[in-house]
Amino acid sequence: MGWNSLDDMDLNGKRVLVRVDINVPVEAGRVTDDTRIQRIAPTIKDILAAGGSPILLAHFGRPKGKVVPEMSLKPLVPALEAVFGTDVTFIEKPSRDAIDTLAQDTVVLVENTRFSAMEEANDPEMAKFLATLGDVYCNDAFSAAHRAHASTEGVAKLLPNCAGRLMQAELTALESALGQPQRPVTAVVGGAKVSTKLELLGNLVEKVDNLVIGGGMANTFLAAQGVDVGKSLCEHDMAGTATEILKKAEAAGCTIVLPSDVVVAREFKAGADNETVAATACPADAMILDAGPATVEAVAGVLSDSKTLIWNGPMGAFEITPFDAATNAAAQKAADLTKAGDLISVAGGGDTVAALNQADAAQSFTYISTAGGAFLEWMEGKTLPGVAALEQ
């Protein structure tokens, strides 16, 4: 790891700029889900314990460089205070002089960084200004690390820097899953479209031993092999690309696992009449909505033979029963193997987290990433500007 953690820094008496992601859901001025705030609490508490004073930098929504009162961070103060167990001082227009009048153990929240167009432009002048507010920079927002903004990348180059506890956990988990993993490595990739995960699939087939493809994406791969998928969600125009990925996988020694049997229905709704058929026998008037039991058994076998698992995307239409069966069964298998100490399991992405929670498996995975875009770009093998700035 080429970055510092909080343990590598002298924080005593220092003002610590902490980039966090508190882009949380708010209704009627109240935070309705404080998960992201809970995830940054260890960083804030450790900085305070080390004698530092945290100055939180964060964005909220997409104000596009203008002051939008409804996107102010001020309403988040009560939720932050409840989780941190300490007072939080909100500053609309920060200056070092104003901050230095505050007691050393004060937690400061600075107004939405995106109220300035200079933030997303990564303007050097804004980075310089932010650097005047603190003595040390700490990035605890992995979920924003794929953005080269003034508060995620620019300021990191101007101050002694480190990763916060959440960032540290994300990077450590991802390094163990893709950087120097225990083999065999299996990736489960699902979701609706191949087109949105092209770079991901192309990168993974060269890094993992097994690639399980599920969801609507699997239909595209089946169709590329000449299988009639009826009225299923399918990107027929991506057949050539799917074929290329299959060839690339074969050359790299990566085994692709596609459904051998599928659950089909005539309508997309919960409880719809359905039947299980061979993947090659989808009726012309039906759509594939889930993988079948034989496929689930095959995936369970692959997982049992694996040491590391990376999961992104559901295996079927998990939002509606009974088409959540394959996702639930595979997730439970991964959870059981992880609890037994036989598997390192890392998962990320919005739908993925929802699916694993629904399967009651998330809490048993080794690590669940809160990041969406950043998690995907890491899996695609891209350099994340917010991480690269910490490694310089």
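This text walks through a three-stranded sheet and then a set of annotated residues in a predicted model.

The sheet is open, and its 3 strands run in the order β13-β12-β14 with antiparallel pairing. Its edges are formed by β13 (274-278) and β14 (287-291), each of which pairs on one side only. From one strand to the next, the twist averages 40 degrees. Strands of a sheet pair through backbone hydrogen bonds, and the arrangement may be parallel or antiparallel. Here β12, covering residues 261-265, pairs with β13 in the antiparallel sense over 5 bridges. One of the bridge partnerships joins Asp 261 to Ala 278 in β13.

The second topic is an annotation from a record. An unreviewed UniProt entry lists Lys 197, Glu 319, Gly 349, Gly 350, Asp 351 and Thr 352 under "binding site". In the model, the lining of the largest pocket includes Lys 197, Glu 319, Gly 349, Gly 350, Asp 351 and Thr 352.

Two of the listed residues, Glu 319 and Gly 349, can be followed further. Glu 319 sits in the loop that lies between β15 (308-312) and α12 (325-339). Its relative accessibility is 53%, and the cut-off for exposed is over 50%, so Glu 319 counts as exposed.

Gly 349 is found in the loop between β16 (344-348) and α13 (350-358). Because its relative accessibility is 10% and buried means under 20%, Gly 349 counts as buried. Leaving aside residues up to four places away in sequence, Gly 349 touches Asn 312, Ser 369, Ala 371, Gly 372 and Phe 375.

Technical notes. Residues numbered from 1 in each chain as written. Predicted model: local features only at pLDDT ≥ 70, side-chain atom pairs only at ≥ 80, totals over all residues. Heavy atoms only, no water. Pairing = 2+ DSSP bridges. Helix = DSSP H or I, 4+ residues; strand = E, 2+ residues; numbered from the N terminus. Axes fitted to C-alpha atoms, helices over the stretch in contact; angles between N-to-C directions. UniProt positions renumbered as here; feature names shortened; annotations may be inferred. 1 Å grid on protein atoms, 1.4 Å probe; cavity = no way out; pocket = protein on both sides within 12 Å on 5 of 7 lines; lining within 4 Å. Buried < 20%, exposed > 50% of the residue type's maximum accessible area, 1.4 Å probe, protein only. Contact = heavy atoms within 4.5 Å.
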